[in-house]
Amino acid sequence: MEALILVDIQNDFLPGGALAVANGDAVVPVANQLQPHFDLIVATQDFHPKNHLSFAANHSGKQIGDIIQLNGLDQVLWPNHCVQGSAGAEFASDLQMEKVAEVFPKGTNPKIDSYSGFFDNGHRKATGLGDYLKEHGVNRVFVVGLATDYCVKFTALDAKKLGFDTTVIPEATRAVNLQPQDFEKAINEMAAAGVKIISLKDF
Ligand code: VGL
Ligand code: ZN
């Protein structure tokens with residue numbers, strides 16, 4: 001049983017959004033095009049309270065892009081984004097949601113960030129996505145969405161660690177690229193961990 005995981009395809013990660021990913025909107029038609037090939041589709045949703053400690057604005061004297069220590073973990077400070085109840089937290093308006101069986105919110109605890117759709121960054125609490133996929137007999141997952149170098153990467157790495165045969169389609173993702181090579185580095189890191197990287201034309 002195969003599942004498609006749509007990672008954080010939300011307004012704030014699209015051009016014009018609070019944490020805009022360059023060409024992030026390009027993943028929407030690709031995600032829509034892939035959907036008919038799957039019997040199970042799930043989505044993750046970055047869903048922060050406004051006092052979330054990944055926001056630079058919640059630390060006096062800190063700037064967006066600074067790295068701080070948060071409960072023993074390195075934390076990049078981001079602009080306020082995907083705030084619960086805001087339009088930026090909503091899924092891209094052109095993303096087909098009719099076939100999405102379940103949405104898994106993450107990053108809801110103000111004290112810890114959650115790049116992966118499966119666990120917070122400290123691997124302390126699960127979102128329920130792993131159990132949900134196993135209960136539905138899923139053994140193979142395809143991970144697409146935003147952003148390649150953060151939430152797609154950590155979702156794919158956790159999927160692989162949990163024992164799912166895991167594939168990422170790079171053309172169905174876009175990267176934040178705080179550093180220009182971050183897209184390539186993320187793809188290489190996933191491949192080194194045993195995540196299959198396949199091109200859209202070979203899907
Ligand atoms: C993400 C940074 C902060 C992502 C979420 O979806 O990749 N990146 N929050
Ligand atoms: Zn976030």
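I will call a residue near a molecule if one of its heavy atoms lies within 4 Å of that molecule. This is a predicted model, in which local features need pLDDT of at least 70 and side-chain atom pairs count only at pLDDT 80 or more. Residues are numbered from 1 along each chain as written, and side-chain values use heavy atoms, with hydrogens and water left out.

Let me start with ligand 1, whose surroundings include Asp8, Phe13, Trp78, Tyr115 and Cys151. Turning to polar contacts, by which I mean pairs of N or O atoms within 3.5 Å, an oxygen atom of ligand 1 lies 2.7 Å from a polar side-chain atom of Asp8. On the nitrogen side, a nitrogen atom of ligand 1 is 3.1 Å from a side-chain N or O atom of Asp46, and for the side chain of His81 the distance from a ligand nitrogen to an N or O atom is 3.1 Å.

Now to the metal, where donors are N, O and S atoms within 2.8 Å of the zinc. Asp46, through OD, and His48 and His81, each through NE2, coordinate the zinc ion, ligand 2, at 2.0 to 2.2 Å, and in sequence these donor residues follow the spacing D-x1-H-x32-H. Asp46 and His81 therefore deserve a second look on screen, since both appear among the residues around ligand 1 and among the zinc donors.

Key: Chains are lettered from A and ligands numbered from 1 in the order in which they are written. A polar contact is a pair of N or O atoms within 3.5 Å; within protein, one must be able to donate a hydrogen and the other to accept it, and residues adjacent in sequence count only if both atoms are side-chain atoms. Donors are N, O and S atoms within 2.8 Å of the metal (3.2 Å for Na, K and Ca); water is not among the atoms, so sites may look incomplete.
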